[in-house]
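Could you walk me through how to read the features of a protein model, one at a time? I would like the general idea first and then the case at hand.

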Amino acid sequence: MSNRLKAAGASLLGAVILVALLFLLRTNNQTAPTAVVGITGLNTSLPIEDKHLLHDLEHTFKRASPSTRRSGYVVAGRYVLLSTSGKTEKLYYLNNKLVHGTKPIILELKPHTSAALEKYFKILGVEYYGEYLPWSEARKLLPKNGTATVIDFETGLKFRVQRRAGSEHADVQPLTALDTMTMKKIYNGKWSWRRRAIIIQINDRRIAASMNGMPHGAGAINDNDFPGHFCIHFQGSKVHKSRNQDLAHQLMIAKAAGVLEEKIWQASPRELIAIFYTALKQHDWGMASLTLRFTSPEEFAEIKTNLGRIDDINTFTIDTADSSIDDLFLPVATTVTWRKPEEKAFTKASLLLLLTRDDFTDRWYISATTTKLPL
């Protein structure tokens with residue numbers, strides 16, 4: 001072999017080795033995608049270990065093209081924290097799509113990717129959520145004089161109760177003075193009519209429910225320091241006097257069952273406004289925020305502070321909120337009577353709420369800036 005051929009061969013070999021080294025260096029510098037799923041309000045998360053799912057999410061995110069039609073800042077109950085290429089992105093899971101909280105990016109997920117994500121959310125929620133069981137079935141598990149454990153959805157505090165009466169819902173009493181003390185602690189030391197999402201534990205069954213925190217009527221347990229009974233509602237249960245369902249109770253039951261976001265998603269404009277005002281009345285900012293669309297994280301904080309000044313809402317009315325299938329914007333006149341913590345009298349305010357329908361997700365939102373109360 002001539003010296004020229006030897007030199008050419010050596011150069012070619014050197015080039016191959018250099019390319020291989022550069023490829024290995026680049027591969028070593030690239031980090032594999034990671035992701036965790038989380039549920040807002042549960043303060044817990046679960047890492048995704050399915051490598052195929054991780055790469056599906058990374059591939060989908062890198063191929064996503066920004067939408068020029070969608071803007072604003074949205075929040076949702078379920079989210080994915082996706083780390084890829086050295087950056088971490090928070091993506092909310094909405095109706096088989098991943099929606100970026102602050103950027104105009106929507107990821108259209110393939111059916112198998114959505115199904116894989118759903119499994120992780122189900123695993124994450126199984127120890128927190130209860131069965132969405134109708135009252136007709138729940139009453140059989142909690143017969144009169146039967147006992148159960150109440151678990152407050154927000155704090156995890158537990159106490160025991162006995163069902164004493166109730167045909168349209170369960171009228172119950174704390175079993176002991178210690179149970180009463182725990183219940184009062186859940187309500188920050190003051191009895192209240194406000195509804196709270198709870199889980200009813202009966203043997204190995206966990207059932208989604210809602211309670212109020214006000215002793216009323218008669219009671220039959222004399223040494224429990226509880227003057228009367230209180231109410232526990234289940235899916236489809238009703239108020240005894242009116243025989244109507246109580247929206248606040250039904251929303252809290254949906255929250256305890258993990259189906260609240262689905263109900264908000266399907267709500268009509270009028271229903272969405274009723275959910276918004278009801279959530280504020282129950283001091284549930286997390287629930288109220290799910291009905292709103294914000295222009296930025298800063299507006300989110302501003303609106304939260306503004307509406308957080310509400311101590312109570314007495315009444316609200318909603319003018320006709322009809323819409324056609326083609327509507328993307330809908331102004332709705334509302335009236336609300338509310339008061340601040342330092343005031344005894346209620347103030348009446350008229351708010352013209354602007355509702356917008358997202359043309360990608362096809363659900364209604366309330367424009368957050370139109371909900372500000374004159375404080």
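What follows is a short dialogue between a learner and a teacher about this structure.

Q: Before we start, what kind of model is this, and how are residues numbered?

A: This is a predicted model, in which local features need pLDDT of at least 70 and side-chain atom pairs count only at pLDDT 80 or more, while totals for chains, interfaces and linings use all residues. Residues are numbered from 1 along each chain as its sequence is written, and side-chain values use heavy atoms, with hydrogens and water left out.

Q: Let's take a helix. Is α6 mostly covered or mostly open?

A: Helices (H or I, at least four residues) and strands (E, at least two) are DSSP runs, numbered from the N terminus. Buried means under 20% relative accessible area, exposed means over 50%, and partly exposed is in between (1.4 Å probe, protein chains only). Helix α6 spans residues 247-257, and 10 of its 11 residues are buried. Among them are H249, Q250, M252 and K255.

Q: What covers the buried residues of α6?

A: Here we go by contact, meaning heavy atoms within 4.5 Å. The cover includes three strands, β10 (192-202), β11 (205-213) and β12 (230-233). It also includes the helices α7 (260-266), α8 (269-281) and α9 (285-289).

Q: And what do we find at the ends of α6?

A: At the N-terminal end, D246 acts as a cap, with a side-chain oxygen 3.2 Å from the backbone nitrogen of A248. The idea used is the polar contact: a pair of N or O atoms within 3.5 Å, where, within protein, one must be able to donate a hydrogen and the other to accept it, and residues adjacent in sequence count only if both atoms are side-chain atoms. Just after the helix, G258 takes a positive phi of about 80°.

Q: Next, salt bridges. How many are there?

A: Side chains of opposite charge can pair when their charged atoms come close. The rule is a side-chain nitrogen of Lys or Arg within 4 Å of a carboxyl oxygen of Asp or Glu, and by it the count comes to 14. One of the bridges joins E168 and R243, at 2.5 Å from N to O. E168 is in the loop between β8 (158-165) and β9 (170-174), and R243 is in the loop between β12 and α6, 75 residues apart. At 19% relative accessibility, E168 counts as buried.

Q: What does the bridge between K281 and D312 tie together?

A: The closest N and O atoms of K281 and D312 are 3.4 Å apart. K281 lies in helix α8 and D312 in strand β14 (residues 312-318), so the pair ties together parts that are 31 residues apart in sequence. K281 is partly exposed at 28% relative accessibility, whereas D312 is buried at 18%.

Q: Which residues are linked in a network of salt bridges?

A: E154, K255 and D284 are linked that way. K255 also appears among the buried residues of α6.

Q: How should I read aromatic pairs?

A: Rings of Phe, Tyr and Trp (its six-membered ring) pair if their centres lie within 6.5 Å; planes under 30 degrees apart count as stacked, over 60 as edge-to-face and the rest as tilted. The structure holds 11 such pairs. F276 and Y277 form a tilted one, 5.2 Å centre to centre with 50° between the planes. F276 is buried at 0% relative accessible area, and Y277 is buried at 2%. Elsewhere, ring pairs link F159, W191, F226 and F230 into a cluster.

Q: Which charges sit over rings?

A: The test is that NZ of Lys or CZ of Arg is within 6 Å of the ring centre and within 35 degrees of the ring normal. The charged end of R78 sits over F121, 5.0 Å from the ring centre. R293 lies over the face of Y365, at 4.4 Å from the centre of that ring.

Q: Finally, which residues touch the most other members of the largest nonpolar core?

A: A nonpolar core is a set of buried Ala, Val, Leu, Ile, Met, Phe, Trp, Tyr and Cys residues joined through side-chain atoms within 4.5 Å. The largest has 80 residues, and I48, L57, L98, L117, Y277, F294 and L355 touch the most other members. Its largest share, eight residues, comes from α8. Apart from it lies another core of 23 residues, including A138, L142, I186 and A209.

Q: What does I48 touch?

A: Not counting residues up to four places away in sequence, I48 touches A35, V36, V37, L53, L54, L57, L117 and Y120. V37 is found in strand β1 (residues 34-39) and is buried, with a relative accessible area of 0%.
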